[in-house]
Amino acid sequence: ALFSVDGERAAIGVLAGIRSAQLVLGKWLAALPLVAVAALTTLVWAAAAGCGPADVARLTAACGAIALAATTWLVGAAAFDAAPRPGGAAPEGEVLAAAFEQVPTRPGGIVGLAGAAVLAAAGVWLYLREPRALAALAVPALAAALAGWRWVDRVWRRDALG
C-alpha cells in the first residue's frame, strides 16, 4: 500500500515539483527499517541460539541482503499503483478504512507483496544451497525498482503536462 493509499494526495507531489525518482527513493527509504528489523531479529536469534560470531555475522548479512532485495522489489512493484486518483484506499468515514490502510488492494501492491515473499523464499533456498548466488536476487529487485520508477515518471509527466 506504499503508493495506493496516496489517492488524490499523489497530485501534491506533481504540483510541488517533486521528481519521480525522489518519490520512489523516499518510499524506498521509508521501507528500509524493515531491512534493519529483519537483520537485527536474525542477529538476536542467531546469538541466542549459540551460533559462533562468524555464523551470526553470516546469517545477519544474508538476512539483510534478502530483506533488502525483497523490499526493493516490493517498492518497485507497488509503484505501479502510483497515480493521482480520487478516493484514496477507501471512502472517507468508512469504519474499516484505518484498519485496511496498509493492506494492498491494487495490483501493484499485491504483486509487490507476493513477489517479495517469493524473493525471500528464494533467498532462504539460495542461502541453504548456494550462498554465493544470493547476489542474483538483486536482478529482479532492481528490475522491479527501475520499472516502477519509469512508471511513476510516466504518470508524473502525464499529470504534470495535462
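Of the 162 residues in the protein, 36% are buried, where buried means under 20% relative accessible area, exposed over 50%, and partly exposed in between (1.4 Å probe, protein chains only). This is a predicted model, in which local features need pLDDT of at least 70 and side-chain atom pairs count only at pLDDT 80 or more, while totals for chains, interfaces and linings use all residues. Residues are numbered from 1 along each chain as its sequence is written, and side-chain values use heavy atoms, with hydrogens and water left out.

**Whole chain**

Start with the cartoon view. You should find six helices and zero strands, in the order α-α-α-α-α-α from the N terminus. Helices (H or I, at least four residues) and strands (E, at least two) are DSSP runs, numbered from the N terminus. Now switch on the surface: the accessible area is about 9,400 Å², and carbon and sulfur atoms hold 71% of that surface. Those areas come from the Shrake-Rupley method with a 1.4 Å probe; for residues, only the protein chains shown count as cover.

**Helix 4 and its salt bridge**

Next, select residues 53-78, which form helix 4. Show the side chains of Asp-55 and Arg-58, which meet in a salt bridge at 2.2 Å, N to O. A salt bridge here is a side-chain nitrogen of Lys or Arg within 4 Å of a carboxyl oxygen of Asp or Glu. The partners are three residues apart, about one turn of the helix. An α-helix has 3.6 residues a turn, so residues three or four places apart point the same way. Asp-55 is partly exposed at 33% relative accessibility, and Arg-58 is partly exposed at 45%.

The search of the whole structure finds two salt bridges. For the other, select Glu-130 and Arg-132, whose side chains meet at 2.9 Å, N to O. Glu-130 is partly exposed at 33%, whereas Arg-132 is exposed at 74%.

**The largest core**

Stay with helix 4 and turn to the nonpolar side chains. Which elements give two or more residues to the largest nonpolar core? The core has twelve residues in all, among them Val-56, Leu-59, Ala-62, Leu-119 and Tyr-127. The elements that give two or more are helix 4 and helix 5, and helix 4 supplies the largest share, five residues. A nonpolar core is a set of buried Ala, Val, Leu, Ile, Met, Phe, Trp, Tyr and Cys residues joined through side-chain atoms within 4.5 Å. Click on Ala-62: leaving aside neighbours within four places in sequence, Ala-62 is in contact (heavy atoms within 4.5 Å) with Tyr-127 and Leu-134. A second, separate core of ten residues includes Phe-3, Val-24, Val-75 and Ala-82.

**Helix 5**

Select residues 107-129, which are helix 5. Buried residues in this helix include Gly-108, Gly-109, Gly-112, Gly-115 and Gly-123. The 23 residues should span 33 Å at 1.5 Å a residue, and the end C-alpha atoms are 32 Å apart, which agrees; the expected span is 1.5 Å times one less than the number of residues.

**The loop between helix 4 and helix 5**

Finish in the loop. Asp-81 sits there and is buried at 3% relative accessibility. A polar atom of the Asp-81 side chain lies 2.7 Å from the backbone nitrogen of Gly-109. Ala-79 is in this loop too, buried with a relative accessible area of 0%. Which residues does Ala-79 contact, leaving aside neighbours within four places in sequence? They are Phe-3, Gly-148, Trp-151 and Val-152. Ala-79 and Phe-3 are 76 residues apart in sequence, yet 6.0 Å apart in space, C-alpha to C-alpha.

How values were computed. A polar contact is a pair of N or O atoms within 3.5 Å; within protein, one must be able to donate a hydrogen and the other to accept it, and residues adjacent in sequence count only if both atoms are side-chain atoms.
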